[in-house]
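Please open the model in a viewer and keep the sequence panel visible. The tour below goes from one selection to the next.

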Amino acid sequence: MDGLNKGLRKVEIAVRWDPSPAGQPSTDLDLVAATYPADDPHGDPAYVVHFDSRSPDGTITLNRDSKDGQGFGYDEVMTLELDRLDVRYARVVVGVVIQQRPAERTFVSVSNPGLRIREGYTVLAEDDFGGVLGATAATVAEFAREGSGPWGFHPGLRGFEGDPVDFTRTMGAAQRP
């Protein structure tokens, strides 16, 4: 019955965190999505979507952006309309970056962080970043397909320690065993 599987269609990735304590610099987490072409799914991204941007075709959008965690519920929300993404793209990797200004931070210094990935009302994954406490950024999800087939979801956090700009260049690189 695989021919009837439509795969994932429209996915929401949401991140929350509590504001920094009084007198401390604000904490700013950002959702980032990188789209990879079918002919090189582990090479350079075709494009990257982050704060103040969206995909050229409007299939990946950042619906909510917070610079300090002072929102109600989830502070950053990104929507991926995978069912509308052109067949020339075979992979989308989503990550979370901690802005390093005005202070350097890792996930251990973020108050009450949380992640939720869902399609409609179905929760696909939830996490608290506890597995990447020493990281400055982390990939949180990978969506992939073969040809024009259905999109699949590969959950899991993978931490990154370094500059956020470097993270966007390497977040989709093939993982070493």
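The stops cover two sheets and then a loop region. Keep in mind throughout that this is a predicted model.

**Stop 1: a sheet, from edge to edge**

Select residues 60-64, which are strand 4, and residues 122-127, which are strand 8. Both stand at the edges of an open sheet of 5 strands, whose order is 4-5-1-7-8. Each of these two strands has a single partner strand, so one side of each has no neighbour in the sheet. The pairing in this sheet is antiparallel. On average, neighbouring strands here are turned by 20° against each other, direction ignored.

**Stop 2: one pair in that sheet**

Now add residues 114-119, which make up strand 7. Strand 7 and strand 8 pair in the antiparallel sense, over 5 bridges. Which residue of strand 8 is the bridge partner of L115? Select D127 to see this partner.

**Stop 3: the other sheet**

Move to strand 3 (47-49) and strand 10 (152-160). They belong to an open sheet of 5 strands with the order 3-2-6-9-10 and antiparallel pairing. Why is one side of strand 3 and of strand 10 left without a neighbour in the sheet? Both strands stand at the edges, and each has a single partner strand. The average turn between neighbouring strands of this sheet is 20°, with direction ignored.

Next, select residues 29-37 (strand 2) and residues 89-98 (strand 6). These two strands pair in the antiparallel sense over 9 bridges. For a view of one position, pick Y36 and look opposite, where R91 of strand 6 stands.

**Stop 4: R84 in its loop**

Select R84, in the loop between strand 5 (76-81) and strand 6. Is R84 buried, partly exposed or exposed? Its relative accessible area is 45%, so R84 counts as partly exposed, the range for that class being 20% to 50%.

Add D57, which lies 27 residues from R84 along the chain. The C-alpha atoms of R84 and D57 are 8.9 Å apart. Beyond its neighbours within four places in sequence, R84 is in contact with D57, G58 and T59.

**Stop 5: T59**

Finish with T59, found in the loop between strand 3 and strand 4. T59 has a relative accessibility of 1% and so counts as buried. Its side chain makes a polar contact with the side chain of D57, at 2.7 Å. Residues up to four places away in sequence aside, T59 touches Y47, T79, L80, E81, R84 and L85.

How values were computed
Residues numbered from 1 in each chain as written. Predicted model: local features only at pLDDT ≥ 70, side-chain atom pairs only at ≥ 80, totals over all residues. Heavy atoms only, no water. Pairing = 2+ DSSP bridges. Helix = DSSP H or I, 4+ residues; strand = E, 2+ residues; numbered from the N terminus. Axes fitted to C-alpha atoms, helices over the stretch in contact; angles between N-to-C directions. Buried < 20%, exposed > 50% of the residue type's maximum accessible area, 1.4 Å probe, protein only. Contact = heavy atoms within 4.5 Å. Polar contact = N/O pair within 3.5 Å; in protein donor to acceptor, adjacent residues only side chain to side chain.
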